[in-house]
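Me: Please take a close look at the surroundings of the ligand in this model. I should like one connected account of what encloses the ligand and which contacts are made there.

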Amino acid sequence: MVISRFISQLVSAAWAMLPAYVPNNAAVLSGGGDPIDGGRMWGDRRLLGDGKTWRGTAVGSVVGVLLAVVLNLVRDRVEARLGVSLPEFSLGGAVGLAVGAMLGDIAASFLKRRSGRERGASFPLLDQLDFVVGALGLAKLLSPVWFSRTFTPLRLVVVVVITPVLHLVTNGIAYLLGLKDEPY
Ligand code: CTP
Ligand code: MG
């Protein structure tokens, strides 16, 4: 009983975060082209670096929002199959999760450059949680009522615990497939 309630919280938290998880992977697959910082420097370092591009950011944001739309369409069927209740995405929530995930990742690159880390260098925990903070923060801002209904305190704890694990697993797979230069 306790275990099935835990699993249902886990599944609904992961479902609610999918539009935030997928944009980073979409950006990896579609990246390239002009960097957002246009090559600009801050002191002797790049502002963001070549790893943050307009194309990757735009594709990641659009893919995240479209995923939320698709999840809303299939929600009833998945609920019936799994026997758990799943959250529906508001438009503001969907945009907040997807765009916020991209912004969080960009903010992290800014911090990585300021702390002297080159493009691709790892920054444990920041790499795994930057997009979570961005996604949840922007979703809360754009859709506060939806946010507090969907991300209960328990689900927020679940998200913060499972995200670094999921992130390392998907990036490890992308690395093994040769899509990413580093496994983080
Ligand atoms: N990417 C992109 N635009 C983004 C985010 C990612 O184009 N907004 C693409 C880039 O090709 C990038 C790859 O996805 O190299 C991997 O993303 P990430 O690990 O976030 O970037 P890094 O290259 O590691 O650079 P940084 O050190 O700044 O994180
Ligand atoms: Mg990286």
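Reply: A polar side-chain atom of R113 lies 2.8 Å from an oxygen atom of ligand 1 in this predicted model. K112 likewise places a polar side-chain atom 3.1 Å from an oxygen atom of ligand 1. The backbone takes part too: a polar backbone atom of G120 is 2.7 Å from an oxygen atom of ligand 1. On its own, ligand 1 has 570 Å² of accessible area, and the protein covers 89% of that area.

The space that ligand 1 takes is the largest pocket. Three elements give two or more residues each to the shell around ligand 1, namely α1 (2-30), α2 (54-82) and α3 (91-114). Of these, α3 gives the most, with 4 residues. There are 17 residues around ligand 1, and those that come nearest are K52, T53, S109, R119 and G120. By character, the shell consists of 8 polar, 7 charged and 2 nonpolar residues.

One further feature concerns the loop between α2 and α3, where F89 is found. The structure holds 5 aromatic pairs. In the pair formed by F89 and W146, the ring centres are 6.0 Å apart and the planes stand at 40°, so the pair is tilted. W146 belongs to helix α5 (residues 144-150), and the pair thus links distant parts of the chain, 57 residues apart.

Methods. Residues are numbered from 1 along each chain as its sequence is written. Chains are lettered from A and ligands numbered from 1 in the order in which they are written. This is a predicted model: local features need pLDDT of at least 70, side-chain atom pairs count only at pLDDT 80 or more; totals for chains, interfaces and linings use all residues. Side-chain values use heavy atoms; hydrogens and water are left out. A residue is near a molecule or strand if one of its heavy atoms lies within 4 Å of it. A polar contact is a pair of N or O atoms within 3.5 Å; within protein, one must be able to donate a hydrogen and the other to accept it, and residues adjacent in sequence count only if both atoms are side-chain atoms. Accessible areas come from the Shrake-Rupley method with a 1.4 Å probe; for residues, only the protein chains shown count as cover. On a 1 Å grid over the protein atoms alone, a cavity is a set of points where a 1.4 Å probe fits but cannot get out, and a pocket is an open set with protein on both sides within 12 Å along at least five of seven lines; lining residues have an atom within 4 Å of a point. A molecule sits in a cavity or pocket if more than half of its atoms lie within 2 Å of its grid points. Ala, Val, Leu, Ile, Met, Phe, Trp, Tyr, Cys and Pro count as nonpolar, Asp, Glu, Lys and Arg as charged, and the others, Gly among them, as polar. Rings of Phe, Tyr and Trp (its six-membered ring) pair if their centres lie within 6.5 Å; planes under 30 degrees apart count as stacked, over 60 as edge-to-face and the rest as tilted.
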